[in-house]
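Thanks for sharing this one; here are a few notes on how the helices and the nonpolar cores fit together. Please read them with the model open beside you.

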Amino acid sequence: VIEGETLHVSLFGLISPEVVERSAAMIDQIVAQLGQIKYRIMIGTEVTAAPHTTRVVAAREFNQRQSDFEFSFVIPPKRSRGLAKILYGLLSPATQEKTRQVDNLDQANAEIERLRKLYDTASGELQGKIYILIAMIMML
């Protein structure tokens with residue numbers, strides 16, 4: 001966790017449903033100890049395979065935990081970018097609005113900085129509405 005604000009989760013190799021569930025339990029522990037964490041970056045560049053059952057479990061866990069984060073970024077596997085697209089398609093519409101696929105960690109960090117600046121310049125009344133606007137911008 002960076003500055004109590006951004007959680008980086010790195011996955012690699014063959015991902016099984018059990019790995020996803022253990023990772024989700026660890027994320028729950030981190031959130032319970034630190035409280036609200038704004039951003040989640042899922043780094044999957046070294047994932048080599050994820051069977052269909054794993055993708056379904058991952059989408060379920062991702063959906064359940066999205067309320068713990070303001071926004072999530074997914075860095076897809078180098079060899080199989082389609083895995084990230086399949087996972088995204090399994091997410092709920094609400095989670096899709098708060099999730100974006102990026103090419104690398106630098107891009108994810110730049111997007112987080114852009115979100116911070118946008119949110120910090122908004123008045124208190126507008127801050128709640130900013131998240132809806134951010135989600136729409138990120139989907140473009």
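The points below take up a helix pair and then the cores.

1. This is a predicted model, in which local features need pLDDT of at least 70 and side-chain atom pairs count only at pLDDT 80 or more, while totals for chains, interfaces and linings use all residues. Residues are numbered from 1 along each chain as its sequence is written, and side-chain values use heavy atoms, with hydrogens and water left out.

2. Helix α1 (residues 17-34) packs with helix α2 (residues 52-65) at an angle of about 15°, their axes 8 Å apart. The two are therefore roughly parallel (an angle under 35 degrees). Helices here are DSSP runs of H or I, at least four residues, and strands are runs of E, at least two.

3. Which residues of α1 meet α2? They are P17, V20, E21, A24, I27 and D28, and their partners in α2 are T53, T54, V57, A58, R60, E61 and R65; contact means heavy atoms within 4.5 Å. This set divides into six nonpolar, two polar and five charged residues.

4. The largest nonpolar core (buried nonpolar residues, under 20% relative accessible area, joined through side-chain atoms within 4.5 Å) has 20 residues. L7, I27 and F69 have the most contacts inside it. α2 gives the largest share, four residues.

5. Leaving aside residues up to four places away in sequence, F69 touches L7, I27, V31, Q36, I37, K38, Y39, R40 and K98. A second, separate core of ten residues includes I41, F73, V102 and I112.

Note on methods. Axes are lines fitted to C-alpha atoms, for helices over the stretch in contact, and angles run from 0 to 180 degrees between N-to-C directions. Angles under 35 degrees count as roughly parallel, over 145 as roughly antiparallel, 65 to 115 as roughly perpendicular and the rest as oblique. Ala, Val, Leu, Ile, Met, Phe, Trp, Tyr, Cys and Pro count as nonpolar, Asp, Glu, Lys and Arg as charged, and the others, Gly among them, as polar. Buried means under 20% relative accessible area, exposed over 50%, partly exposed in between (1.4 Å probe, protein chains only).
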